[in-house]
Structures are given as C-alpha cells and as structure tokens.
Amino acid sequence: MQGKSGYVAGLVALAVCAIVVHAGPSGGTVSGKVTYEGTPAKQKTIDMSKEPSCAKQHATPIVTETVVTGPNNALDNVVVYVSAGAPDDAAPSQAAKFDQKGCQYLPHVLAFQVNQTLQIANDDQTSHNIHPLPKINREWNKSQPPGTPPIEEKYDKAEFIPVKCNIHPWMHGNFAVLKNSHYAVTADGGSFSLANLPPGKYTITAWHESYGDQSQEVTISGNETKPVNFVFKAKPY
Amino acid sequence: MGKFFAVILTIITLASAYPIVTHQYVQPVDISTHGHAIDEQLSDTMAEAGFAFLGAQLLLAFFVWKFSGRKGGSKVFHLPGGAKLMVATAFILVGTEVLALGVLGQKAWAEVYFTAPKPDALQVQAQAGQFAFYFRYPGVDGKFASLHPDKIDEGNANFFGLDPANDIEARDDIVTAELDVPINREVHLMLHAKDVGHSFYVRELRLQQDFVPGLDLSLHFTATKTGKFEILCTQLCGLGHYSMKAYLNVLSQEDFDKWMKDRAAEQ
C-alpha cells in the first residue's frame with residue numbers, strides 16, 4: 001500500500017513538473033524574417049590609412065555598414081521589438097557590451113534596455129572619443145585612450161541613438177534603447193525570434209538605420225509561434 | 001664676474017651657431033618644382049638672421065668684457081644724437097633687412113600664390129574636418145558636383161555632402177582618404193574646411209596653407225619624385241589634432257591612370 005501511494009505521488013509530481021515546464025516561461029513566440037526589395041546602396045570601402053594600428057587589423061578593408069544584406073535579400077542589423085502591448089521591464093543586471101576594435105564599432109547596432117548598464121571598451125592601440133547623439137536623452141562624449149577601463153553609462157529613456165567617434169570620422173554605430181526585454185537584432189540572414197510573450201495583442205516594430213521603421217499588429221493567444229515578416233524598400237542612393 | 005659672463009656668452013653663441021653653419025640639420029627631400037626657391041629663401045633668411053645674431057651676441061660679449069670691473073664715477077660716453085637717433089637707426093636697419101628678405105622672397109611666394117594653375121592641371125578638392133582629410137576628384141564627367149552640407153553623412157562615407165539621389169553629377173565623384181597624384185603634372189588643390197581651421201602641410205612639397213572655414217583657397221604644385229609622403233594638419237584644430245594626417249602618393253602616370261580607373265569602377 002505504501003509503495004503504491006509513493007508511486008502515485010511520484011507520478012503526480014512528474015505531471016506537475018511537465019505542466020510547469022510546458023506552460024512556464026515559454027509563452028508565445030513571434031518569429032520571422034526581415035528582407036528588402038529593390039537595389040540597396042553600394043557600400044563604400046573605408047580607408048583608415050591615417051590610423052595604421054587599425055588599418056593593419058583588417059586583411060581586406062572594411063566597408064560602410066549602413067545597409068548590411070545577406071543571401072535571399074535578407075536584411076541584417078534590423079532591430080525588431082515589441083513597441084506596444086508589453087509592460088516595461090526592469091533592466092537586466094548584466095551589461096550591454098559595445099566594443100571599439102579596428103576603428104570599428106562592434107556590434108554595429110547594439111540593442112539594450114532603459115537603465116541597463118552600457119559598457120564601452122576600447123580594444124585599439126589608439127584613442128577613441130565616443131559620441132552618441134541622442135535627441136531626448138542626455139548627450140555626452142568621452143575620450144578613451146588605449147588601456148582605459150571600459151566606460152559605463154546608462155540611458156533613462158527609450159530612443160534610437162546614432163553613435164560617432166570624434167576622432168575617426170568613418171566610425172559609425174547605433175544604440176537602440178528599448179523599454180522591454182522582447183527584442184532582437186537580425187544578423188546573418190535577417191531572421192529573428194521574440195519569445196516568452198504572454199497572450200495578448202502586440203505591436204511588433206522593425207527599425208533599420210537607413211530605411212526607417214515598420215510596424216505590424218499580432219495577437220498571441222497561447223503557446224503558439226506567429227510568423228511576422230518585414231519587407232523594406234531599398235534605394236540605390 | 002663680468003669677464004666670466006662674456007666668455008660664457010661667447011661659448012653659447014658659437015656653440016649654437018655651429019650645427020647651423022656646418023649643416024647638421026639636413027633638409028627633407030624636395031619633391032616639388034617650386035621647392036628649391038623656398039629652400040633658397042630659408043637659407044637666405046637663416047644667413048641674414050645668423051649674421052645679425054652672431055654680430056649682436058659677440059658685440060655684447062665684447063662690451064661686457066671690455067667694460068666689466070670698472071670703478072664707479074668714470075665718465076659715460078654717449079653716441080651723438082641720443083636715444084632718438086639710436087631708435088631710428090635700428091628701425092632703418094631692421095626694416096632694410098625685412099624688406100630685403102621680402103624682395104628676395106617675392107619670386108618664391110609669387111610662384112605659389114600669384115600665378116594661376118595651368119588650365120590642364122589635375123583638379124582635386126581637399127576637405128579638412130575634425131580629424132581627417134578627404135579628397136575629391138571630379139570623376140569621369142570631369143565636373144565636381146555641388147555640395148549640400150545637410151547631406152553630410154559620415155557613417156555612409158558621404159564626407160563632402162554629395163547628393164547622388166538627386167544629382168547625377170555626384171554619382172561619379174571620387175572621394176578618397178589619400179591624395180594620389182601623377183608625377184610631373186600640375187595639381188590644382190582647392191582647400192575647403194568642413195568645420196574649424198586646419199592646415200595642409202607637406203614638408204617635401206614645401207607647402208603649408210591654412211584651411212579657413214567659409215573660404216575656398218587654392219594651391220598648386222607639381223611633384224617631381226614618386227613616393228609616399230605625409231600630409232599633416234599644422235593648425236591646432238581640437239582634441240584629435242595630433243592624429244590628423246593623410247598620405248600623399250606621387251605615382252607614375254601609368255600607376256595613376258590605373259588607380260583612377262579602379263576608383264572610378266568602385267563608384
């Protein structure tokens with residue numbers, strides 16, 4: 001008798017576990033691909049000969065990154081995020097990392113949350129002076145000679161912020177400061193996936209630095225995966 | 001004590017003249033057609049200033065030696081005419097010296113600034129901005145497209161503010177970070193400042209000219225030796241001034257044509 005009840009208890013525990021795993025943090029998912037139609041602008045070769053310590057890090061010269069494409073018209077460096085329908089999230093404790101290496105910003109587009117620590121490192125043998133250009137957040141620029149510990153900063157309002165270097169005019173990047181944790185930046189093929197969305201109605205927005213933004217409404221009713229695709233119009237100039 | 005000072009003064013004077021007189025400082029190589037005139041002018045200036053320096057210092061040392069240790073109460077001898085004549089004489093002497101340098105140097109100056117470049121000179125626009133130089137060639141159509149400062153987009157490598165979407169002439173303009181020129185052909189450089197004052201300095205070309213915001217200034221030169229030379233900003237322009245430089249590549253006509261063809265193909 002005792003053995004039997006233990007068996008039943010075990011079975012119940014297993015079932016409860018299964019339910020928790022299944023329904024727990026997963027929720028619904030929005031996934032899809034960002035593509036372009038038309039002819040995108042030809043990216044230009046960056047000549048950084050004035051900074052030999054950077055130039056020698058690139059076996060082949062790098063090109064501008066205002067439009068980065070992949071096979072099958074995929075569009076990379078697009079920030080896809082929930083712009084409405086989700087509550088604001090508290091900032092995660094881990095820092096968002098932005099690197100200056102080879103006189104280039106890595107990654108080119110960095111997405112992070114409001115009040116999340118932004119950590120900016122200089123991995124070059126030359127000084128940089130990072131200068132993000134926000135319109136609604138506080139503007140600053142900071143000089144960072146080689147060997148300086150990473151700079152730590154935060155933004156308290158959601159905004160897309162272009163970033164430049166005051167010393168190397170070709171350096172260019174973007175910060176996407178977002179209100180919640182449901183975001184992705186397309187890379188290597190334009191695909192994205194926003195997981196853990198509780199049932200509800202959401203506005204999904206895709207933002208690209210040259211092509212602007214687009215939004216779509218989507219309703220999540222359970223543990224489903226809803227496809228959402230974005231197509232941007234590319235211009236040659 | 002006075003005699004000791006006179007000796008020290010003489011030693012310092014002769015020691016500082018020594019490296020100049022014996023040509024210890026070698027001039028950098030001259031790669032321009034006008035550079036010899038600038039070098040001659042520098043040499044004349046150095047000779048004239050050198051004679052004045054040596055004469056003044058040695059005369060000072062002589063007087064210190066001669067009149068040191070004199071007892072008080074001895075009669076002071078004044079040159080006739082007093083201070084006014086002394087000032088007038090000094091004024092005439094220095095004025096003549098400066099004027100002589102000006103007369104001797106006017107040809108060197110005129111060759112760079114008062115003569116127009118030849119009509120077939122290679123046209124290049126040089127833009128200085130914090131903290132890099134960029135150069136623009138007119139491209140296949142031979143025309144520089146007009147500039148629109150509001151279109152400047154450095155992340156997109158549009159450093160000059162071209163508008164290729166609406167202006168067909170802008171589509172073939174070649175923008176580079178290095179100044180490539182052919183040997184033995186005149187180059188007409190138009191200097192344009194994007195933000196603050198900068199300067200274009202290539203010591204091997206014996207050229208130095210400020211960029212002035214709001215002014216399009218003109219320079220012309222002919223390079224006579226192939227090679228790679230530094231272009232430096234010599235006008236303090238801000239935080240990154242120390243790193244503001246570019247390279248001048250003087251190429252053979254053949255290499256230059258190939259380079260230009262490759263750049264045109266990239267547009």
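Which residue in strand 17 of chain A stands opposite A:Y202? It is A:V218, as the first view shows.

**View 1. An open antiparallel sheet in chain A.** This is a predicted model, in which local features need pLDDT of at least 70 and side-chain atom pairs count only at pLDDT 80 or more, while totals for chains, interfaces and linings use all residues. Residues are numbered from 1 along each chain as its sequence is written, and chains are lettered from A in the order in which they are written. Four strands (DSSP runs of E, at least two residues, numbered from the N terminus) form this open sheet in the order 14-4-16-17, where two strands pair if DSSP finds at least two bridges between them. Strand 14 (183-185) and strand 17 (212-220) are the edge strands, each pairing on one side only. Nine bridges join strand 16 (residues 200-208) to the antiparallel strand 17.

**View 2. An open sheet with mixed pairing in chain A.** The four strands here follow the order 6-5-8-11. Because strand 6 (105-106) and strand 11 (151-153) each have a single partner strand, one side of each is left without a neighbour in the sheet. Strand 5 (residues 96-100) and strand 8 (residues 118-122) run parallel and are joined by five bridges, with A:L118 as the bridge partner of A:A96.

**View 3. The contact between chain B and chain A.** Here 21 residues of chain B are in contact with 17 residues of chain A, contact being counted if the C-beta atoms of two residues, placed from the backbone, lie within 7 Å. Strand 10 (residues 245-251) of chain B gives the most to the side of chain B that touches chain A, with three residues.
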